[in-house]
Amino acid sequence: MKLFFGKNDEQPKKKMGCLGKTLVGIGVYFLVCGLLGVLMGDMFSTPATTLEENTIYRIDMKGELVEQGTEENPFESLLSEMYGTASVSKVGLQDLLSNIALAKNNDKILGIYLKGGELAAAPASAKALRDALEDFKQSGKFVIAYAESYSQTNYYIASVADKMYLNAVGSVAWNGLSAQKMYYTRLMDKIGVEMQILKVGTFKSAVEPYFRTSMSKEDRHQTQQYVAGIWSEMKGAVAKSRGVSEGELDKYADEFMGIQAPQKYIEYGLVDTLVYIQDMDTVLRMYAGTKEYKQLNTSKMTNVKREKVDAKDKVAVLYAEGQILDNGTEGIVGSQVIKTINKIHKNEDVKAVVLRVNSPGGSANASEQIWHAVTTLQAKGLPVVVSMGDYAASGGYYISCSADYIYAEPTTLTGSIGIFGTVPNFRKVREKVGLDIDEVSTNKHSSLETNMIYKGMNAQEYALMQGMVERGYELFTSRCAEGRGMTQEAIKKIGEGRVWLGKDAVEIGLVDELGNIDSAIQKAAELAGLGSYGMVYYPEKKDPMEEMLKMFDKSTPEERLMVKIREFASKPRIMALMPEVVVK
């Protein structure tokens, strides 16, 4: 402690004054932040939309189609421009389906205008959207489409329209489907990294890029089958809507329509009229039957108040989208899903659960934990019905298999019942750079986890690791057998890591019926014996404020790379994941 005498006795007062100013400054800072938060909250809270007469529901076909969209963020475009990042909106399939159903039954909505053709959508989600538009047309209202260019998936969706308009210098990407995979074996040989592979399943091809340079015959067979199945669905739907035979559509695809002259699209019947965007106002007035009409976009339409069913009993929809992970903030994080399931447990009004799965799989451990959490809902007496989206494969099927009933879309990719582990061996890299390792250990395999990476596994160590993978496969197949009422041997015959289309999965017993999420909701209510019921959704939509704050990340590219490396290093070695494939 310091003592002050004479004139110095004023110093403590000065120091206290500085401290006081600091405290006041901190107080002001938090007050401003609080006020800003209130203001921002008001800005983000979108008021309810009131429907007016002569309204056209405009669906902007751009962004990325996901299970659940986010609330509208008014700052997204501005911040994207400030930070030089691309702004890709997340369009919720749930919102679109709900809005289309509302538009069908509301007399103030005259029709639907599909504007644009660059919405990124996987086949099953695209079909769900197309089916909803097809159902909407039963109301007798119009559906028209316009785009400067149609991607192939968007053309498939928009072909349901009564009339298809294309920009006078636009294009239609009708080229057929291909599935491409990247192989890293020769690259890894050059840099001196050997990937040590552990797997169960002849068709479990997710690890093939690390030890092959092309598809195995098994992988080529399964990939050809599901790509052909998806193309068959697309061709059949377009042929029916456009009055063009499937044979002709194949012929046109062989011409690579994406680079053909616009007039050829008219000649072949792929679109109806070539126009410029300025002409669409006249077209819309014609369909509306009035010069005065209004357009309502998806975010506004989503905010139209629905008539809520006044029922105590609820059916809960639990969304599980993305890769299955043990921890993290994105995807299906095991611990977070279990917390959400615990919330459902506590909600006494919930009488049935629909698990909406859109996942290629991931961590075998997290998949087992989620599987167990789902069975606790059933143990409570709640029927669980699974609705499969674009994917419910490998770990995605693992978390689905115990359900009382399973629905899939015809083009859902499911199955892939298999398991694998990958361990990179950096021995050659270590030797090249002159890095030596020495050690002392108390037991024979004390340093196995580090040695397998820096020295490589010997035969005994490989056998130990392979044993763990095989036990995981035994557990996986036993869970599937128990859930589907089949023998484990029967599951293994259709397992082996093979990917199946939803329509084929019904035939082999992995799925009960083809149907969408509405089918699953109705089935869940039926199994619970509910007449009238309301809906609750888990988890809640992402807060746009949280999404905006992510854009303030000022970390350098090097720092972000290190984060990715740490994430890779922390990933579980035992995975239930379907092969990574790009279908386009």
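This briefing describes the nonpolar cores, one buried helix face and the aromatic contacts of the structure above. The model is a predicted one. Its largest nonpolar core has 75 residues, and those with the most contacts inside this core are Tyr150 and Trp174. Tyr150 and Trp174 also belong to one aromatic cluster, together with Tyr155 and Trp231.

**Nonpolar cores**

- Helix α7, which spans residues 217–242, gives the most to the largest core, contributing eight residues.
- Apart from its neighbours within four places in sequence, Tyr150 is in contact with a set of residues that includes Gly117, Ala145, Tyr155, Met164, Leu166, Val172 and Val271.
- A second core, separate from the largest one, has 54 residues, among them Val200, Leu377, Val384 and Ala392.
- In soluble globular proteins, nonpolar side chains tend to be buried together.

**Helix α10 and its surroundings**

- In helix α10 (residues 280–288), the buried residues are Met280, Val283, Leu284 and Ala288; viewed down the axis of α10, these buried residues fall within an arc of 130°, and they therefore line one face of the helix.
- Thr282 and Met286, on the other side of α10, are exposed.
- The buried residues of α10 pack against the strands β1 (55–60), β4 (109–115), β5 (142–150), β6 (163–172), β9 (273–275) and β10 (294–296).
- Gly289, just after α10, takes a positive phi of about 75°.

**Aromatic pairs**

- Across the whole structure, a search finds nine aromatic pairs; in one of them, the rings of Tyr155 and Trp174 have centres 5.8 Å apart and planes at 65°, so this pair is edge-to-face.
- Because Tyr155 lies in helix α5 (residues 152–158) and Trp174 in the loop between β6 and β7 (179–180), the pair ties together parts that are 19 residues apart in sequence.
- Tyr155 counts as buried because its relative accessibility is 0%, and Trp174 likewise counts as buried at 0% relative accessibility.
- The rings of Trp174 and Trp231 have their centres 4.7 Å apart and their planes at 35°, so that pair is tilted; since Trp174 lies in the loop between β6 and β7 and Trp231 in helix α7, the pair ties together parts that are 57 residues apart in sequence.
- Trp231 is buried as well, with a relative accessible area of 10%.

**A charge over two rings**

- The charged end of Arg498 sits over the ring of Phe203, at 5.3 Å from the ring centre.
- The charged end of Arg498 also sits over the ring of Trp500, at 4.2 Å from that ring's centre.

Methods: Residues are numbered from 1 along each chain as its sequence is written. This is a predicted model: local features need pLDDT of at least 70, side-chain atom pairs count only at pLDDT 80 or more; totals for chains, interfaces and linings use all residues. Side-chain values use heavy atoms; hydrogens and water are left out. A nonpolar core is a set of buried Ala, Val, Leu, Ile, Met, Phe, Trp, Tyr and Cys residues joined through side-chain atoms within 4.5 Å. Buried means under 20% relative accessible area, exposed over 50%, partly exposed in between (1.4 Å probe, protein chains only). Helices (H or I, at least four residues) and strands (E, at least two) are DSSP runs, numbered from the N terminus. Contact means heavy atoms within 4.5 Å. The arc is that of the directions from the helix axis to the C-beta atoms. Rings of Phe, Tyr and Trp (its six-membered ring) pair if their centres lie within 6.5 Å; planes under 30 degrees apart count as stacked, over 60 as edge-to-face and the rest as tilted. A charge sits over a ring if NZ of Lys or CZ of Arg is within 6 Å of the ring centre and within 35 degrees of the ring normal.
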